[in-house]
Amino acid sequence: MLKGQPTQHLVVVGGGMVARRLIDALRSRDEAGTWSVTLLCEEPRAPYDRVALTSYFTGRHPEDLALGSQDLWDDPLVTLKRGVRADSIDREARTVTTNGGAVLSYDALVLATGSYAAVPPVPGKDLRGAFVYRTIDDVADLRAWVEKRRGELDRPVRGAVVGGGLLGLEAAGALQALDVESTVVEFAPRLMPLQVDDGGGEGLKRLIEGLGVRVRTSTATSRIVGDRGTVSRMEFTEGPALDVDVVIFAVGVRPRDELARAAGLDVGERGGVIVDDACATADPVVWAIGEVANIGGRCLGLVAPGYTMAEVVADRLLGGQGTFPGADLSTKLKLLGVDVASFGDAFAQEPGGLEVVISDPVAGVYKKLVMSDDARTLRGGILVGDASAYAALRPMVGRELGGDPAAYLLPEGAGPAPVGELPDEATVCSCNNVTAGAVRCSVSEEGCTDLAGVKACTRAGTSCGSCLPLVKKLVTTELERSGVEVSNALCEHFDLSRAQLFDVVRVQELTTFSEIIATHGRGRGCDICKPVVGSILASLGTGHILEGERATLQDTNDHVMANLQKDGSYSVVPRIPGGEVTPEGLIAIGEVAQEFGLYTKITGGQRIDLFGARIDQLPSIWKRLVDSGFESGHAYGKSLRTVKSCVGSTWCRYGVQDSVGLAIALELRYRGLRSPHKIKLGVSGCARECAEARGKDVGVIATDNGWNLYVGGNGGFTPKHAQLLAEDLDTDTLVRTIDRFLMYYVRTADRLQRTATWVEDHEGGLGAIRGVVIDDSLGIASDLDTAMATHVEDYEDEWAAALADPEKLRRFESFVNAPDEVDDSLAYVSERGQPRPATEDDRRRDVLIAGTTLEVRR
């Protein structure tokens, strides 16, 4: 049979992502052209990416969410009918009747009708201002309503989301994108109860509340109250009511199986068309795929299993014997800017499970691996706050990790890299069922030389994209084995490396992410390139980090210029250059700590940290500190942190140089210098090294003849001793050399690369760097000197600038819907005369024992 002369007709009912995948898979394999396809799409548009609905609020047009290429709908064997609904099925006649009265005959029928948003039976659910979050039309209506209410009100619009699962947090992100004050209300005791455990849920709650979204768990909505038919208040079975202008219901979905029911097909007790492992119904020419399919006794609400079903049915239609291999319910998402991942037996339900947990509330990270009882075989895991290990770990489920499980949870670069050891049969892309072997084969046998080619060849990473970091590493490893030069592109949105992008932005004097990605990238960016561009712009002194569009590029702590702590409060770190502070300065810090009830600690960096500040208190605290002569210590930024020093020749009988004076001069010179990672310096006044300078990115040790300069040291998970760069330098030469070293590092290092790793990875190592900064081997020394001079001249204290700008101060409110209320969830007990966050045991004792020291700070 010639292509273009099909003998059979397939009708697909439902225009979602899974339907598109089925047609794409069928047409790509049906080389003989034996099937023609008609897709009945109830919505007035072609299938689109429902997973990315929230991006509709950041300026994207509905057409930007379209899936794949238009070429599929231009295929003469494919007919797309937009705005057409299937009203009935006559299985005996093998026909489908549409809402327009058309009758379509079929040789095979696939139901991909998906699901609809469930709405709980609460009074008031039909009031104006109550929405669901499912389709483009839903979100368009939501945006129109918010804009209407914003024009009617003389205050910010207030919103709430009923449901704290995946869809609920996506909806909360939509409200944030619309600049709506929002609260998430979840009936379960934690957020995302189906994906994360109590520890992960608590970590997720802290992170999301830190972004300005209020969370109420263990809360049931009793009714929605209206004012003249419009949403005005939510009431709950327990707790205070909530004034709202918009409510989104995101409590789950129900399969759209009404068409199948009417046609007499079997449906499950809780809904869904019952199918076997070939996705076939009891009718031999009718299949069901996606959320409407009840397979193995349940309906699956994730896109990856739906894609697998689509591939199975395409195979069956072409005479294959494909079967559904079971659902991979692993998920990795970015919700409200927070990474969350869950995979395998995440809740350790299988007997004999051993849990390995790393929890860092200060960094906002919770990670758990579930291992076999001998701690060898990976069974599952949960990652909150930092899901960078997900791509490498998920394919290893059911396999031996071959090392200390805890090491796989360390920050990137600190633990083993299991990617190269992945067996060929390990699945790396669950959406498209692509194995590590298939990725390697696409490079070694199919001639693919970049990530884009591998994606086109294997389909890996073409759906949700969470596997792309792992796929990229596999491609890089295989290309290197083949002797091919590997691209060092920053991410899929930029073909340039960080260093190349830095030079482009510098030379062309670009000042916004929008013009940078429009000129030198593609798409809308990601959590890799956005912070990198934000750092580059800050390094080049283009303006305040919270100014305009730049505010959206920052990492979590930079958003509020403070470090988030375990209980949701923040730390305040004023700069104390060289650790030198006047009595008046100490008194000012003490008075601030006393007035605001803060915990105080002298750090290893010779300054004073103040812990326990509420977000609404930050401006008041910093106003007091700035008025007393202090400025931001940049403890929250990828920038200079501290310059540690001993007392040097000023006081010490062994000191040979003024280490304190130099440390202060260096800290004032490099303060605010944004860089690929944090930078720490140390200055010791003699060879006894009391300032531990050789453990710093830049270390200076006094000699009888001047200063020895060491570079590339750090502490942390992988401590590195700094290496000697130059000896017996006079002060002017020392400062000039440090200027050049730091600016060269800022310009050429990769994202999140410490100086130690940069020195090791630099072609030619330390010797080549010495040639650049001392011998001017690249002829750029004067340029580096000028850049540092510009930084010093243009320095501005970020907090002082923020205090002078009412717009920036708006982000420092406890609750955007109640700016005058304080966060009463922060509770403290006294320990060694200072407040510390109350534990659950402390809280229980407060209930059981009268007169406890537990206090809620107002």
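**Salt bridges, a hairpin and a helix pair**

At a relative accessibility of 44%, Arg261 counts as partly exposed, and in this predicted model Arg261 forms a salt bridge with Asp257, with the closest N and O atoms 3.0 Å apart. Asp257, for its part, is buried, its relative accessible area being 6%, so that the bridge joins a partly exposed residue to one that falls under the 20% limit for buried.

By the rule applied here, the count of salt bridges comes to 51, and a second example lies within a single helix. Asp503 forms a salt bridge with Arg506, the closest N and O atoms being 3.2 Å apart; because the two residues are three apart in helix α12 (residues 498-508), about one helical turn separates them. Asp503 is partly exposed at 32% relative accessibility, and Arg506 is also partly exposed, with a relative accessible area of 26%.

A further salt bridge is formed by the side chains of Arg575 and Glu667, at 2.9 Å from N to O. This pair links distant parts of the chain, since Arg575 belongs to the loop between β30 (570-572) and α16 (583-596), whereas Glu667 lies in helix α18 (residues 659-670), 92 residues apart. Both Arg575 and Glu667 are buried. Elsewhere, salt bridges with shared partners join Lys148, Arg149, Glu152, Arg155, Arg158 and Asp245 into one network.

Contacts between parts of the chain can also be followed from Leu72, which has its place in helix α2 (residues 71-74). Leu72 is buried, with a relative accessible area of 8%, and, leaving aside residues up to four places away in sequence, Leu72 touches Arg20, Ile23, Asp24, Arg27 and Val78. Of these, Asp24 is 48 residues from Leu72 along the chain, yet their C-alpha atoms are separated by 7.0 Å.

Among the strands, β4 (residues 86-90) and β5 (residues 95-98) run antiparallel and are joined by four bridges, with Asp90 having Thr95 as its bridge partner in β5. The two strands form a hairpin with four residues between them, and in the turn Arg94 has a positive phi of about 55°.

Helix α19 (residues 731-748) packs against helix α22 (residues 781-794) at an angle of about 90°, the axes lying 9 Å apart, which makes α19 roughly perpendicular to α22. On the α19 side the contact is made by Arg736, Asp739, Arg740, Leu742, Met743, Tyr744 and Arg747, and on the α22 side by Ala781, Asp783, Leu784, Asp785, Ala787 and Met788. These contact residues divide into seven nonpolar, six charged and no polar.

Notes. Residues are numbered from 1 along each chain as its sequence is written. This is a predicted model: local features need pLDDT of at least 70, side-chain atom pairs count only at pLDDT 80 or more; totals for chains, interfaces and linings use all residues. Side-chain values use heavy atoms; hydrogens and water are left out. Axes are lines fitted to C-alpha atoms, for helices over the stretch in contact, and angles run from 0 to 180 degrees between N-to-C directions. Angles under 35 degrees count as roughly parallel, over 145 as roughly antiparallel, 65 to 115 as roughly perpendicular and the rest as oblique. Contact means heavy atoms within 4.5 Å. Ala, Val, Leu, Ile, Met, Phe, Trp, Tyr, Cys and Pro count as nonpolar, Asp, Glu, Lys and Arg as charged, and the others, Gly among them, as polar. Two strands pair if DSSP finds at least two bridges between them. Buried means under 20% relative accessible area, exposed over 50%, partly exposed in between (1.4 Å probe, protein chains only). A salt bridge is a side-chain nitrogen of Lys or Arg within 4 Å of a carboxyl oxygen of Asp or Glu.
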